[in-house]
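Welcome to a short tour. Have your viewer ready with a cartoon view, and select each stop as we reach it.

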Amino acid sequence: RYNLAQVGSLSDVIAPPYDVVDGELQKQLYANSPYNFIRLELTRKEEGDSDPNAVYERAATLFRQWVRDGVLQHEPDPAIYVYHQVFDHAGRTYTRRGFMARVRLVRFGEGNIYPHEQTHAKAKDDRLRLTRACQANMSQIYGLYPDPTNAAQDLLEAHIAGTAALEAVDHLGVTHRLWPVTDQDLIAQVGTLIEDKPMFGADGHHRYETACNYRDELAAAAGGSLPAEHPAQFVLTMVMSMDDPGLIVLPTHRLFHGVNAIDSQELKQKLESC
């Protein structure tokens, strides 16, 4: 993770996932800091780029440079990360709570990890090229699991109580807080509580399938399989209880094409009759 002595404010170096970043936001994030993560997550095309892999190779070179220079540092001990997002909606402040951990990869439909949307080949090809070049998982998945009592999260919340968090504020005004947890007994307890629960992909379907594709590529190159604990067998995931009080799901509005126009009153009547 970022070395604060090198980068200063975390708010200057964080970036959202690639698929919600347009050209204007990409430009803004580049301007925020020479260490903003957008330079790895969604590297800008440069004049003269003729090789379609140029942006990915540029990201890989920069990634290795940041690690070599101590901008990014390996966690000294195995850890999971308690993660809060604090945001306002409809006059109320919410705290969305989860934790980041590695999740063992299994293809959708072959285990207890489930998708809710279709994926597209172009986006998966983009993410796979980045993963190949960097040999790293650049952006976590977001998964939901059932836990009516919030047992796993409450264990972690008790552990971090009174501990200062790493904190950043993003371009939307959302406050992000992170606590590394290295207590191995606690990590084992949390793992036991959720290991048999299903997980439903809330965001990151393309990244998840890309992680599976990358794992399979490495396995094929190794003769057909990888060791069970090989890093490519897992993907970084922010997991969250479906019953967490900070979880809200807002509607996605769609436009329907090729249907007869009807007025709003008629539409209201039809919806009420459903």
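Select tyrosine 142 first: methionine 238 in S8 stands opposite this tyrosine. Tyrosine 142 belongs to a pair of neighbours, strand S4 (residues 141–145) and strand S8 (residues 234–241), which run parallel and are joined by five bridges. Two strands are said to pair if DSSP finds at least two bridges between them. The strands (E, at least two residues) and helices (H or I, at least four residues) are DSSP runs, numbered from the N terminus.

A word on what you are looking at: this is a predicted model, in which local features need pLDDT of at least 70 and side-chain atom pairs count only at pLDDT 80 or more, while totals for chains, interfaces and linings use all residues. Residues are numbered from 1 along each chain as its sequence is written, and side-chain values use heavy atoms, with hydrogens and water left out.

**The whole sheet**

Now colour the strands. In what order do the eight strands of the open sheet lie? The order is S3-S7-S4-S8-S2-S1-S6-S5, with mixed pairing. At the edges are strand S3 (113–114) and S5, each of which pairs on one side only.

Next, select helix H6 (residues 151–160), which packs on the sheet and touches strand S1 (80–89), strand S2 (92–104), S4 and S6. Contact here means heavy atoms within 4.5 Å. The direction of H6 makes about 95 degrees with that of S1. For such angles, axes are lines fitted to C-alpha atoms (for helices, over the stretch in contact), and the angle between N-to-C directions runs from 0 to 180 degrees.

Add H8 to your selection: this helix lies across S2, S3, S4, strand S7 (199–203) and S8, running at about 120 degrees to S7.

**The hairpin at one edge**

Go to strand S5 (residues 166–169) and strand S6 (residues 175–181), an antiparallel pair with four bridges. Click on alanine 168 and look across to histidine 176 in S6, which stands opposite. Five residues lie between the strands of this hairpin, and glycine 173 takes a positive phi near 85 degrees there.

**Helices side by side**

Two packed helices are described by the angle between their axes and the distance between the axes. Try this with H6 and helix H7 (residues 184–194), whose axes are 9 Å apart at an angle of about 165 degrees. H6 and H7 are therefore roughly antiparallel to each other. Angles over 145 degrees count as roughly antiparallel, under 35 as roughly parallel, 65 to 115 as roughly perpendicular and the rest as oblique. Show the side chains to see Ala151, Ala152, Leu155, Leu156 and His159 in H6 meet Leu186, Gln189, Val190, Leu193 and Ile194 in H7.

Move on to H4 and H5, which pack at about 40 degrees with their axes 8 Å apart. That makes H4 oblique to H5. Among the residues that meet here are Tyr56 and Phe63 in H4, and Leu130 and Cys134 in H5.

Stay with helix H4 (residues 54–69) a little longer. At 1.5 Å a residue, its 16 residues should span 22 Å, and the end C-alpha atoms are 22 Å apart, which agrees. The expected span is 1.5 Å times one less than the number of residues. The buried residues of H4 include Val55, Leu62 and Trp66. Buried means under 20% relative accessible area, exposed over 50%, and partly exposed in between (1.4 Å probe, protein chains only). These buried residues of H4 pack against helix H3 (38–41) and helix H5 (121–134). Just after H4, glycine 70 takes a positive phi of about 80 degrees.

**Three loop residues**

Select alanine 90, in the loop between S1 and S2. Is alanine 90 buried or exposed? At 76% relative accessibility, alanine 90 counts as exposed. Its phi is near 55 degrees, a positive value in a residue other than glycine.

Then pick glutamine 135, in the loop between H5 and S4. Glutamine 135 is exposed too, with a relative accessible area of 63%.

Finish at serine 33, in the loop between helix H2 (23–32) and H3. Serine 33 is buried, with a relative accessible area of 7%. Which residues does serine 33 touch, not counting those up to four places away in sequence? They are Asp12, Val13 and Arg39.
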